[in-house]
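Student: I've got a structure open and I'd like to go through the words people use for it. Can we take them one at a time?

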Amino acid sequence: MGYRIALLTIMSKEVRRFMRIWPQTMLPPAITTALYFLIFGTLMGQRIGDISGASYMDYIVPGIILMSVISHSYANVVSSFYSTKFQRHIEELLVSPVPNWVILAGYVGGGVCRGLLVGSVVIGISLLFTSISVSHWGLSCLIFFLTAVLFALAGFINAVFADSFDDISIIPNFILTPLTYLGGVFYSVEMLPELWQNISLANPILYIVNSFRYGLIGVTDVDITLALTMIVGFIVTLISLSLYLLDKGIGIKQ
Amino acid sequence: MKSEFIGLSVESINFFPVPPGFFMKALAIRNLSKTYGNGFTALHGIDLDVEDGDFFALLGPNGAGKSTAIGIICSLVNLSGGSVRVFGYDLVRQTEQVKQCIGMVPQEINFNQFETVQNIILNQAGYYGIAYQEALVRAEKCLKQMHLWDHRHTVSRRLSGGMKRRVMIARALVHDPRLLILDEPTAGVDIEIRRSMWQLMREVNAGGTTIILTTHYLEEAESLCRNIAIIDKGTIIKHSKMSDLLAQIKVNHFILDLADRLAKPPVVEGYDVVQLDSQTLQVGIPGEKGFNQLFSELTRQGISVTSMKNKSNRLESLFLDLVGG
């Protein structure tokens, strides 16, 4: 009972935070993705033609939706938890009888809410440019949700280790964004030379994007079972690491 | 009457070899040590007891280890060795029970300055598992007690320094803690607010809450606290009743302002008289002697005193003696 209230308190605080600044959190992804669809989908897509039997617009929609889920679930947790450390109101949680798993679930839950909400906005924008007939509803919803969880967890770990505001922008800018763009959002890996195809297979985002694409339009470059196993494996690993860091007080206690 | 369970007298069972009354203390610290990652040892195995219902002062110069000790008690700092028990609960093995017992008011403002005053209190209540409707009632009570009810919808960064400190006290009280730890709660607030906060603290203590206070205002500790510990260089160097400590003062020093100028300081047998300027004297008054003899002698010598004040706070003098200041 007590833990449920604590969890809901942290989550509602997080949701209030990003809703309070909705022009910063909700509006930019809507504008950016509308431009993606307009430029890549409508203008260039007509010249590129079909990929794996799908129109270019339909082909890029799943990746663009997941790009927004990835970046916003990550950004929400990394900025919120780091600010909590920076302004020292992490101490409110540390002195309270809130177990570490509730702290983690609360912040990750907040990040997931933002990721899914922004993803839903992007889905709405995409419907202005194309109609999506979903091939596998269950798989699509599962990947949509698990992606938000995975990157919210990654953002949490980034925030735990961060000592400055620079530290919370390095990974999103120099690791996450390149991996996302090289994760087959705008192209099929089969279009790459064999060497780059093999290198691309080491990119976890490739599996996430392709499994979501399979769920939406039934097209994929990778094995779906392997993709799901990897996603769940990453989530379990990051949960374990996060709880270990909280238990040891790394980055938050002296 | 003895309690009996399956034929055994409960009184005869002694699972843990601890001193009588150990579990009844609000705080019992044994051999507590802390060495930080950079090798600096902030606490060298301190022992400290605080009785239930006490108003206790923990004093020490900057860097003495006060904040480290408080940080450990409040789970903000990991301990390196020793044990901490709060109302009998062990900090390491029964962390959640310990946290339920403690309310913490830190030195520095540490709430979300973008939240409203009421939300800060409600969030804290939520962390303690208090349901929303109940939290609303408690928040109202705490905010009224701290004279903040009219500011409940104000975004906290717009509050004055004194109000921010009262927000932290209200936040610490929302779950009805049995032990309230105040780490320099009146630092940087003006004397009027400080006096009103003293009154609030007295009321909280009178309601049965044990209070541990750290402060650099020794007048504050002397005025509020019944027991005291002084910590220096990570070691407790004094741990006694306030009255016993103050009784150790052998000589009180006073400053006397005179009506007329003096060419040289008067000689008064048994008193240490120093002339600070032509119209000001500093007099050391031994504990066993009173003022009457001093004033009789000054009057006899034709010296008229217009006003008198303590040279320094009594506890301050002792404190400086103890920590070598």
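Tutor: Sure, let's start with one residue: A:Ala152 touches A:Ser73, A:Tyr74, A:Val77, A:Val108, A:Gly111, A:Val112 and A:Gly115, leaving out residues up to four places away in sequence. Keep in mind that this is a predicted model, where local features need pLDDT of at least 70, side-chain atom pairs count only at pLDDT 80 or more, and totals for chains, interfaces and linings use all residues. Residues are numbered from 1 along each chain as its sequence is written, while chains are lettered from A and ligands numbered from 1 in the order in which they are written.

Student: What makes two residues count as being in contact?

Tutor: Their C-beta atoms, placed from the backbone, must lie within 7 Å. A:Ala152 is also one of the residues with the most contacts inside the largest nonpolar core.

Student: Why is that called a nonpolar core?

Tutor: Because a core is a set of buried Ala, Val, Leu, Ile, Met, Phe, Trp, Tyr and Cys residues joined through C-beta atoms within 7 Å. Buried means 20 or more other C-beta atoms within 10 Å of the residue's own. The largest such core has 144 residues, and its largest share, 16 residues, comes from H4(A).

Student: Which helix does H4(A) cross, and how is the angle defined?

Tutor: Helix H4 (residues 56–86) of chain A meets helix H7 (residues 137–161) of chain A; their axes come within 7 Å and cross at roughly 35 degrees. Axes are lines fitted to C-alpha atoms, for helices over the stretch in contact, and angles run from 0 to 180 degrees between N-to-C directions.

Student: Why is the crossing called right-handed?

Tutor: Because the near helix is turned clockwise from the far one by less than a right angle, that crossing of H4(A) and H7(A) is right-handed. The residues of this contact divide into 16 nonpolar, five polar and no charged. Here Ala, Val, Leu, Ile, Met, Phe, Trp, Tyr, Cys and Pro count as nonpolar, Asp, Glu, Lys and Arg as charged, and the others, Gly among them, as polar.

Student: What does chain B add up to in helices and strands?

Tutor: Chain B has 10 helices and 16 strands, taken as DSSP runs (helices H or I, at least four residues; strands E, at least two), numbered from the N terminus. Of its 325 residues, 38% are buried.

Student: How many residues does each chain bring to the contact between them?

Tutor: Chain B brings 25 residues and chain A 21 residues. H3(B) gives the most to chain B's side, with four residues.

Note on methods:
Buried ≥ 20, exposed ≤ 12 C-beta atoms within 10 Å, placed from the backbone.
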